[in-house]
Amino acid sequence: MKEIAREIRTLLMGIIAKREKAIRNGETTKDDLLGLLLESNMRENEQNGKSDSSLGMTIDEVIEECKLFYFAGQETTSVLLTWTLIVLSMHPEWQEKAREEVLQHFGREKPDFDALSRLKVVNMILYEVLRLYPPAVMLTRRTYKTMQLGDLTIPPGVLLGIPIIFIHHDPDIWGSDATEFKPTRFAEGISNATMNGQLAFFPFGWGPRICIGQNFALIEAKMGLSMILQNFKFELSEKYQHAPYTVVTVHPEHGAPIKFQRI
Ligand code: HEM
């Protein structure tokens, strides 16, 4: 593990050093997060002098941010797309509905960014997949002071686990069909999807630490799924075994062997 951690650090240091050099030489950095982060950081440090370490970020902090964005953004979105392909293989009628919508909006053209947010069926499908297979199954919090939660008084230093996946599957909230794939429950938006309108859908967390990448993730998933639907019909291979399995994210334990047919 230490070796891998060292290797990742060296890789990131290399990328960061190259970018910093480019900024110093007045070259425009690419319009991406690392470029923005470094530029704002260098400006901050120049304006305030390097002695005040409370301003700006250290190189280690920049490295940690890069790791966080990669870790938080890559596998989560990838397992969302994986489960979506699995579920749409299990429910070919929904695969067809989604394809119809995509072809209606984009035909064979590359999906355009603005129109992606108008996809209704695809959106309902992604929400339903996020409900049944939330990539992050649990949120954890630690109390730093005595907290009152309803009738409960919780002392400082208690670890709380908020099991997103159980809440997403609770029949008291979602109805007796809670474990079924039924995208229509999101037809009238998230707040009308539950039996009594209570907040029970939070695949991206909630509150001040809500996922900063959620819009990006949904656009990415819609773009990927639309392009797959435009070009392929797909079904599960006989080898597929349904075994949701959690190691950090929830993913199919034996992979997702899927047969694609070009259309
Ligand atoms: C389907 C995809 C995704 C899911 C399900 C997801 C889920 C989550 C959840 C549940 C949290 C809250 C964690 C907590 O409260 O303890 C979170 C936070 C975060 N996510 Fe995502 N995420 C996704 C995609 C992304 C992407 C694409 C990015 C970046 C490009 C990203 C960056 C982050 C970051 C930086 C945080 C921490 C925010 C903070 O603590 O202020 N996520 N995500």
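## The pocket

A pocket is here an open set of points on a 1 Å grid over the protein atoms alone, with protein on both sides within 12 Å along at least five of seven lines. In this predicted model, the largest pocket has a volume of about 1,500 Å³, and of the 38 residues that line this pocket, Leu68, Ala72, Gly73, Thr76 and Cys211 are the closest to its centre.

Three elements, α3, β1 and α9, each contribute at least two residues to the lining of the largest pocket, and α3 gives the most, with 14 residues. Sorted by class, the lining of the largest pocket consists of 24 nonpolar, 9 polar and 5 charged residues.

## The ligand and its shell

The largest pocket is where the ligand sits. Around the ligand there are 19 residues, of which Ala72, Gly73, Arg141, Arg209 and Cys211 come nearest. By class, the residues of this shell divide into 12 nonpolar, 5 polar and 2 charged.

At least two residues of the shell come from each of α3 (59-90), β1 (138-142) and α9 (214-231), with α3 providing the largest share, 7 residues. As noted for the pocket itself, α3 also gives the most to the lining.

## Polar contacts

Two arginine side chains approach oxygen atoms of the ligand: a polar side-chain atom of Arg141 lies 2.7 Å from an oxygen atom of the ligand, while an N or O atom in the side chain of Arg209 is 2.8 Å from an oxygen atom of the ligand. With Ala72 the contact involves the backbone, one of whose polar atoms is 3.3 Å from a nitrogen atom of the ligand.

## The iron atom

Which protein atom serves as donor to the iron atom of the ligand? The single donor from the protein is the SG atom of Cys211, 2.3 Å away from the iron. Cys211 is placed in the loop between α8 (171-174) and α9. This cysteine is also among the residues that come nearest to the ligand, and one of those closest to the centre of the largest pocket.

Note on methods
Residues numbered from 1 in each chain as written. Predicted model: local features only at pLDDT ≥ 70, side-chain atom pairs only at ≥ 80, totals over all residues. Heavy atoms only, no water. Near = heavy atom within 4 Å. Polar contact = N/O pair within 3.5 Å; in protein donor to acceptor, adjacent residues only side chain to side chain. 1 Å grid on protein atoms, 1.4 Å probe; cavity = no way out; pocket = protein on both sides within 12 Å on 5 of 7 lines; lining within 4 Å. Sits in = over half its atoms within 2 Å of the grid points. Helix = DSSP H or I, 4+ residues; strand = E, 2+ residues; numbered from the N terminus. Nonpolar A, V, L, I, M, F, W, Y, C, P; charged D, E, K, R; others polar. Donors = N, O, S within 2.8 Å, 3.2 Å for Na, K, Ca; no water. Points joined across faces, edges and corners; volume = space filled by probe spheres on them.
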